[in-house]
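Me: I'd like to learn how to read a protein model from the outside in. Can we go through it together, one feature at a time?

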Amino acid sequence: MSLPATHREVRLAALPDGELTPGHFEVVTAPVPAPGPGQVQVRNRLMSVAAVMRPLTLADPDAFGLPQLLHKAGEVMRGAALGEVVRAPGTDLVPGTLVRHRAGWREYAVLNAPEVSPVDPEVLPDPAAHLSQGFTAWLGVVRGAGVRRGDTVFVTGAAGGVGSLAGQFARLHGAARVIGSTGSRHKADRLTRELGYDAVVLRGAGAAGSIEEQLRAAAPDGIDVLFDTVGGEQLRAALALARRNARFALVGALAAQLSDDALAPTAISTLDLITRSITLRGISAVDHQDAMPGYLSEFGRALREGALTYPYTRLTGIDRAPGALCELVAGRHLGAVLVEL
């Protein structure tokens with residue numbers, strides 16, 4: 001195929017100090033990168049925008065533990081993407097192969113061969129589902145918390161790309177009652193109407209009481225499982241309502257990440273954990289790649305059978321990506337946000 005000489009990519013113009021705005025990014029034209037031996041040139045077709053991609057300002061980046069996830073001013077943004085192989089000299093990949101990788105936010109990318117994963121179009125009924133955050137949702141439900149029949153489950157950030165799938169996976173694994181949290185009445189109504197949530201607690205303006213008060217009303221007998229993407233006040237409320245032997249899967253910390261202090265701690269009572277035998281488990285997809293085949297099999301089957309839906313918003317054009325991230329951070333979307341390139 002004939003390649004253009006240039007392509008567009010989104011760079012971080014400046015680290016945010018407070019509210020994230022499109023002005024923190026710039027869409028620039030750059031030469032199309034060429035692959036060397038053992039590298040893969042990919043024409044990106046679809047990329048993911050997720051709240052966790054919000055650039056973080058940290059006094060000590062190394063303290064975060066995952067410096068590769070941090071963006072620096074002047075760098076091209078990064079995120080999950082689907083694309084087609086254009087050239088791959090010295091590798092087994094052939095042009096036209098659909099691959100998943102983490103060099104989104106640009107129209108063309110060059111990666112080392114181990115950094116791309118070929119995608120089987122038959123595994124999931126919608127190719128866009130390969131960019132879902134379903135693996136994180138599934139891991140938290142299955143390996144992190146071990147949801148089982150009869151559980152009452154509380155999912156924080158239930159309208160996000162992870163939470164919108166976590167509640168559905170919890171139901172598939174036997175949860176008797178699924179409660180979510182979100183920031184607007186509109187999204188709360190959609191969670192109960194479209195995604196199978198039994199009840200939703202609201203944070204922020206318009207909330208009828210504190211998170212703990214609302215959760216106590218929604219789960220008067222307490223909760224067995226917390227699937228947490230937020231931390232902060234919502235984690236503390238879940239601890240107050242935790243039954244004996246409750247299991248907490250911690251997969252995100254958006255309360256801190258979307259604030260001015262991405263490493264802000266959440267004060268909890270360790271005595272509470274001990275006396276009620278509560279398990280807190282942080283879980284990252286990086287450590288559980290062996291579970292990917294099982295997840296894909298269950299996710300694909302559930303999508304085909306209509307037992308689960310993958311909610312997402314699809315936008316067109318790389319220039320839409322900065323605004324989409326700002327909107328997502330501000331809580332204006334339900335589910336995943338994808339940008340078609």
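Me: What radius of gyration would a compact globule with 341 residues have, and what does the protein chain have?
Reply: Keep in mind that this is a predicted model. A compact globule with 341 residues would come out near 20 Å, and the protein chain has 20 Å, so the two agree. Along its principal axes, the C-alpha trace spans about 65 × 45 × 35 Å.

Me: And what is the chain built from, in helices and strands?
Reply: There are nine helices and 15 strands. To see how the chain comes together, look at contacts between residues at least 6 apart in sequence: 69% of them join residues at least 24 apart.

Me: How much of the protein chain is buried?
Reply: Buried means under 20% relative accessible area. Here, buried residues make up 49% of the 341. As for the outside, the chain exposes about 15,100 Å², with carbon and sulfur atoms supplying 51% of that.

Me: Which residues touch the most other members of the largest nonpolar core?
Reply: A core like this is a set of buried residues such as Val, Leu and Phe, joined through side-chain atoms. This one has 46 residues, and the best-connected are V147, V155, F169, L191, Y197, F299 and Y310. Several elements supply at least two residues each, including α1 (134-144), β8 (152-155), α3 (185-194) and α8 (292-305). The largest share, five residues, is from α1. Another core of 21 residues lies apart from it, with L12, V49, L325 and L341 among them.

Me: Can we zoom in on one helix? How many of the residues of α2 are buried?
Reply: Eight of the 10, so to speak mostly covered. The buried ones are G163, S164, L165, A166, G167, Q168, F169 and A170. Their cover includes α1, β8, β9 (177-182), β11 and α8. Just after α2, look for G174, which takes a positive phi of about 105 degrees.

Me: Which residues does F299 touch, not counting those up to four places away in sequence?
Reply: F299 touches L124, A129, S132, L165, F169 and L308. Rings are worth a look too: ring pairs link F135, W138, F169, Y295 and F299 into a cluster.

Me: How many aromatic pairs does the structure hold?
Reply: Seven. One of them is F25 with W105, a stacked pair at 6.2 Å centre to centre, with 20 degrees between the planes. This pair links distant parts of the chain, 80 residues apart: F25 is in strand β2, while W105 is in the loop between β5 and β6. F25 has a relative accessible area of 8%, so it is buried. W105 counts as buried too, at 0%.

Me: What about a charged side chain such as D224: is it buried or exposed?
Reply: Take the percentage and hold it against the cut-off: buried is under 20%. D224 is at 11%, so it counts as buried. D224 lies in strand β11, and a polar contact of 2.7 Å joins its side chain to that of R243. Leaving out residues up to four places away in sequence, D224 touches G150, D151, T152, R243, A246 and R247.

Me: Where is H288 found?
Reply: Look in the loop between β13 (279-282) and α8. H288 has a relative accessible area of 9%, so it is buried. Beyond its neighbours within four places in sequence, H288 is in contact with F135, L139, R143, R281 and I283.

Methods:
Residues are numbered from 1 along each chain as its sequence is written. This is a predicted model: local features need pLDDT of at least 70, side-chain atom pairs count only at pLDDT 80 or more; totals for chains, interfaces and linings use all residues. Side-chain values use heavy atoms; hydrogens and water are left out. A nonpolar core is a set of buried Ala, Val, Leu, Ile, Met, Phe, Trp, Tyr and Cys residues joined through side-chain atoms within 4.5 Å. Buried means under 20% relative accessible area, exposed over 50%, partly exposed in between (1.4 Å probe, protein chains only). Helices (H or I, at least four residues) and strands (E, at least two) are DSSP runs, numbered from the N terminus. Contact means heavy atoms within 4.5 Å. A polar contact is a pair of N or O atoms within 3.5 Å; within protein, one must be able to donate a hydrogen and the other to accept it, and residues adjacent in sequence count only if both atoms are side-chain atoms. The radius of gyration is taken over C-alpha atoms; the globule rule is 2.2 Å times the number of residues to the power 0.38. Accessible areas come from the Shrake-Rupley method with a 1.4 Å probe; for residues, only the protein chains shown count as cover. Rings of Phe, Tyr and Trp (its six-membered ring) pair if their centres lie within 6.5 Å; planes under 30 degrees apart count as stacked, over 60 as edge-to-face and the rest as tilted.
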